[in-house]
Amino acid sequence: MSGIDSEQLIAAVARPMAQYRAAMKGDLEDWMPLEHAEQMLLDGRAFGEHDFPADFGPIIGMMRLILEKSAAGGWSWADPDVQKVFAEVASGTVYRLYADVLVAMVVEMLKAAPICTVVEAGAGSGFVTGRLCRAMRDNGFDRVRLIATDMLPSIDMLGHELRSAYPDLIIEQCCWNIQNEAPLELRERLRKPVLVFERFSLPYAGYGAIGNLAAIADALILVDDLSLTGEKAAFDHIYGRIGTQFLVLEEARRQLAKYFSRIHTCDTEVVQAIRSPVSTFTLAVK
Ligand SMILES: C[S@@+](CC[C@H](N)C(=O)[O-])C[C@H]1O[C@@H](n2cnc3c(N)ncnc32)[C@H](O)[C@@H]1O
């Protein structure tokens with residue numbers, strides 16, 4: 001028994017999802033223009049900065065960089081050019097919105113269930129982690145252990161920075177390549193129930209990582225673009241050049257179902273409204 005109730009957790013994410021739906025306005029009301037831009041990039045057709053809605057600009061910039069770097073033969077998350085452009089993407093309207101929705105989901109789940117440990121997989125530069133720390137502090141979750149992980153050793157620096165910025169919280173870090181089972185050093189520190197979440201790391205690791213995440217999670221939030229159609233879109237081809245795997249919602253759910261009793265596609269209403277070919281927020285509970 002994990003001590004958490006799947007219905008309560010599913011109910012807890014309803015409010016962040018309503019906020020997400022409400023935020024999909026202006027440039028974000030229709031995602032077809034982004035697909036067109038991505039197709040043009042893939043086809044090598046030229047276009048200007050103002051030909052597509054401004055809110056999609058940082059994402060388009062990231063795709064452009066991926067095509068340039070992969071053509072030149074090298075892509076690494078540790079590359080300063082990559083980190084700079086990803087920082088722009090991460091602080092752009094779209095990723096910020098995803099981050100805020102994800103943080104709100106975690107906070108609502110912490111309010112709804114007696115979760116003792118939160119683990120972030122693939123935390124990277126900590127864009128989500130930092131926002132989560134602020135929200136945990138503001139909501140008084142100073143007894144919940146937060147463990148930030150990534151396969152890159154730079155996760156140690158993130159841990160130090162966050163501990164200095166949020167001395168009242170319990171913040172730890174651990175190096176973990178999610179293609180492997182969680183290291184003993186991480187497993188030893190878990191206090192159940194455990195909530196695991198990740199944003200945009202699973203596509204770099206593949207479906208196989210779901211079992212490794214599930215092994216330590218009582219509840220798991222995946223924030224990844226999971227295809228609803230099963231057909232690759234232009235951005236799947238572009239991201240494929242840096243080794244990301246094309247992930248399909250149906251298959252992800254099939255993998256999750258091996259470990260979790262409830263799987264909830266959180267954003268069904270939103271993806272229909274904005275004509276998106278992907279679902280981004282998935283919650284699984286044991
Ligand atoms: C697109 S960035 C996302 C960073 C962060 N989650 C965010 O949303 O700001 C992808 C991150 O996944 C990490 N990553 C890629 N493959 C991984 C793996 N197999 N195990 C753990 N982390 C991985 C990278 O090091 C990088 O920090």
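This report covers the strands, helices, nonpolar core and ligand shell of one structure. The model is predicted.

## The central strands

Strand β4 spans residues 194–199. Of its 6 residues, 6 are buried, so β4 is largely enclosed by the rest of the structure. Both of its faces are covered. V194, V196 and E198 are buried on one side. L195, F197 and R199 are buried on the other. In a regular strand the side chains alternate between the two faces of the sheet.

Two strands pair with β4 in the parallel sense. One is β1, residues 117–121, which joins β4 over 5 bridges. Here A121 stands opposite E198. The other is β5, which also pairs with β4 over 5 bridges. In that pairing, V196 stands opposite L220.

Strand β7 is mostly covered, with 7 of its 8 residues buried. β7 runs antiparallel to β5, and 7 bridges join the two. β7 also runs antiparallel to β6, with 4 bridges between them. The pairings are set out below.

| Strand pair | Sense | Bridges | Residues opposite each other |
|---|---|---|---|
| β1 and β4 | parallel | 5 bridges | A121 and E198 |
| β4 and β5 | parallel | 5 bridges | V196 and L220 |
| β5 and β7 | antiparallel | 7 bridges | L226 and S279 |
| β6 and β7 | antiparallel | 4 bridges | T265 and T282 |

## L220 and the nonpolar core

L220 lies in β5, which covers residues 219–227. Is L220 buried or exposed? L220 has 25 C-beta neighbours inside 10 Å, so this residue counts as buried; the threshold is 20 or more. Leaving aside neighbours within four places in sequence, the contacts of L220 are V196, L213, A214, F260 and A284. V196 is thus named twice for L220: as a contact and as the residue opposite L220 in the β4–β5 pairing. E68 is far along the chain from L220, at 152 residues, and their C-alpha atoms are 34 Å apart.

The largest nonpolar core holds 85 residues. Seven names stand out there: L102, V106, M109, L195, V196, A219 and L220 touch the most other members. Helix α6, residues 93–112, gives the most to this core, with 10 residues. In soluble globular proteins, nonpolar side chains tend to be buried together.

Which residues does V106 touch, not counting those up to four places away in sequence? V106 touches V118, L132, L195 and F197. L195 and F197 are buried on one side of β4.

## Helices with a buried face

Helix α8 spans residues 155–165, and its buried residues are I155, L158, G159 and L162. Seen down the axis of α8, these fall within an arc of 100°, so they line one face of the helix. On the other side of α8, H160 and S164 are exposed. The buried residues of α8 pack against α7, β2 (145–150) and β3 (170–175).

Helix α13 spans residues 249–256. L249, A252 and L256 are buried in α13. Its buried residues fall within an arc of 65° seen down the axis, so they too line one face. An α-helix has 3.6 residues a turn, so residues three or four places apart point the same way. What covers the buried residues of α13 includes α11 (208–216), β5, β6 (262–265) and β7 (278–285).

## E88 in α5

E88 sits in helix α5, residues 80–91. With 16 C-beta neighbours inside 10 Å, E88 counts as partly exposed. Beyond four places in sequence, E88 is in contact with P58 and G61. V107 is 19 residues from E88 along the chain, and their C-alpha atoms are separated by 25 Å.

## The ligand shell

How many residues surround the ligand? There are 19, and the closest are G122, G124, M151, S201 and Y204. The shell divides into 12 nonpolar, 5 polar and 2 charged residues. Two helices, α7 (127–138) and α10 (202–205), each supply at least two residues of the shell. Helix α7 also packs against the buried residues of α8.

Definitions and conventions. Residues are numbered from 1 along each chain as its sequence is written. This is a predicted model: local features need pLDDT of at least 70, side-chain atom pairs count only at pLDDT 80 or more; totals for chains, interfaces and linings use all residues. A residue is near a molecule or strand if its C-beta atom, placed from the backbone, lies within 6 Å of it. Ala, Val, Leu, Ile, Met, Phe, Trp, Tyr, Cys and Pro count as nonpolar, Asp, Glu, Lys and Arg as charged, and the others, Gly among them, as polar. A residue is buried if 20 or more other C-beta atoms lie within 10 Å of its own, exposed if 12 or fewer, and partly exposed in between; C-beta atoms are placed from the backbone. Two residues are in contact if their C-beta atoms, placed from the backbone, lie within 7 Å. The arc is that of the directions from the helix axis to the C-beta atoms. Two strands pair if DSSP finds at least two bridges between them. A nonpolar core is a set of buried Ala, Val, Leu, Ile, Met, Phe, Trp, Tyr and Cys residues joined through C-beta atoms within 7 Å.
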